[in-house]
Amino acid sequence: MNKEWHISFYNDNVEADTLSFPESILANFLHIAEMMEECGPALGYPYTKPFGDGLFEIRARGKEGIGRSFFCAVNGKEVIILHSFIKKSQKTPKRDITLARKRLKEVKS
């Protein structure tokens with residue numbers, strides 16, 4: 001299949017955080033990332049969710065729990081993973097959203 005989109009990471013730490021997800025969560029993340037490379041980032045629920053102002057999240061699940069990766073789409077067909085974490089509560093922690101929004105501003109400016 002032809003890959004239309006390219007996925008990259010905000011920095012090495014974000015890549016390391018993402019790739020250190022527990023095995024089944026990482027497998028689900030990689031499956032969603034592959035779909036995004038082929039179809040674009042607008043997959044919609046249950047795979048992705050908009051957070052407003054160009055910020056989105058990948059909703060990866062596995063038997064070990066739930067992983068979240070905030071991302072944005074930039075020039076051309078590139079998706080940048082801004083921040084990844086394992087969700088420990090029902091609500092996404094404000095500090096994770098704040099960090100992702102700060103990085104979004106840096107990437108978009």
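Let me start with a definition: a residue counts as buried under 20% relative accessible area, as exposed over 50%, and as partly exposed in between. Keep that in mind for Leu-43. Its relative accessible area is 24%, so Leu-43 is partly exposed.

Now, the model. It is a predicted one. How confident is the predictor, on average? The mean pLDDT of the protein is 94. Of the residues, 98% score at least 70. Among the elements, helix H1, residues 12-19, has the highest confidence, at 97. Strand S2, residues 48-52, has the lowest, at a mean of 94.

Next, the layout. How many helices and strands are there? The protein has 3 helices and 5 strands. Start at the N terminus and read along: β-α-α-β-β-β-β-α. The radius of gyration is 13 Å, and the globule rule gives 13 Å for 109 residues, so the protein is as compact as a globular protein of that length. The C-alpha atoms fill a box of roughly 35 × 35 × 25 Å along the principal axes.

What about the inside and the outside? Of the 109 residues, 40% count as buried. The accessible surface comes to about 6400 Å². Carbon and sulfur atoms hold 54% of that surface.

Contacts come next. Take those with a separation of 6 or more. Residues 24 or more positions apart make up 54% of them.

And charge? There are 17 positive side chains and 14 negative ones. The centres of the two sets lie 10 Å apart.

Now some single residues. Let's go back to Leu-43. Where does it sit? Leu-43 lies in the loop between H2 and S2. Set aside neighbours within four places in sequence. Leu-43 is then in contact with Ile-32, Met-35, Met-36 and Thr-48. Look at Ile-32 in particular. Leu-43 and Ile-32 are 11 residues apart in sequence, and their C-alpha atoms are 8.7 Å apart in space.

Stay in that loop for a moment. Pro-46 is also found between helix H2, residues 23-39, and S2. Is the peptide bond from Tyr-45 to Pro-46 cis or trans? It is cis, with omega near 10°.

Walk on into strand S2. Lys-49 has its place there. Is Lys-49 buried, partly exposed or exposed? Its relative accessibility is 35%, so Lys-49 counts as partly exposed. Beyond its sequence neighbours within four places, Lys-49 is in contact with Phe-56, Glu-57 and Arg-59. Now compare sequence and space for one pair. Lys-49 and Ala-100 are 51 residues apart in sequence and 14 Å apart, C-alpha to C-alpha.

After S2 comes a loop to strand S3, and Asp-53 lies in it. Why does Asp-53 count as exposed? Its relative accessibility is 72%, and the cut-off for exposed is over 50%, so Asp-53 passes it. Check its backbone too. Phi of Asp-53 is near 60°, a positive value in a residue other than glycine.

Then strand S3 itself, residues 55-62. Phe-56 lies in this strand. At 30% relative accessibility, Phe-56 counts as partly exposed. Which residues does Phe-56 contact, leaving aside neighbours within four places in sequence? The list is Lys-49, Pro-50, Phe-51, Ser-69, Phe-70 and Phe-71. We met the pair of Lys-49 and Phe-56 a minute ago, from the side of Lys-49. One distance here as well: the C-alpha atoms of Phe-56 and Glu-15 are separated by 17 Å, and these two are 41 residues apart along the chain.

Last stretch, towards the C terminus. Pro-93 is found in the loop between strand S5, residues 78-87, and H3. Pro-93 is at 24% relative accessibility, so it counts as partly exposed. The C-alpha atoms of Pro-93 and Ile-58 are separated by 15 Å, with their positions 35 residues apart along the chain.

Finally, helix H3, residues 94-108. Asp-96 lies in it. Is Asp-96 buried or exposed? The relative accessible area of Asp-96 is 5%, and buried means under 20%, so Asp-96 is buried. What does Asp-96 touch, beyond residues up to four places away in sequence? It touches Phe-70, His-83 and Phe-85. Phe-70 is also among the contacts of Phe-56.

Terms used:
Residues are numbered from 1 along each chain as its sequence is written. This is a predicted model: local features need pLDDT of at least 70, side-chain atom pairs count only at pLDDT 80 or more; totals for chains, interfaces and linings use all residues. Side-chain values use heavy atoms; hydrogens and water are left out. Helices (H or I, at least four residues) and strands (E, at least two) are DSSP runs, numbered from the N terminus. The radius of gyration is taken over C-alpha atoms; the globule rule is 2.2 Å times the number of residues to the power 0.38. Buried means under 20% relative accessible area, exposed over 50%, partly exposed in between (1.4 Å probe, protein chains only). Contact means heavy atoms within 4.5 Å. Accessible areas come from the Shrake-Rupley method with a 1.4 Å probe; for residues, only the protein chains shown count as cover. Lys and Arg count as positive and Asp and Glu as negative; His and the chain ends are not counted. The place of a charge is taken as NZ of Lys, CZ of Arg, CG of Asp or CD of Glu. pLDDT is the predictor's confidence in each residue, from 0 to 100.
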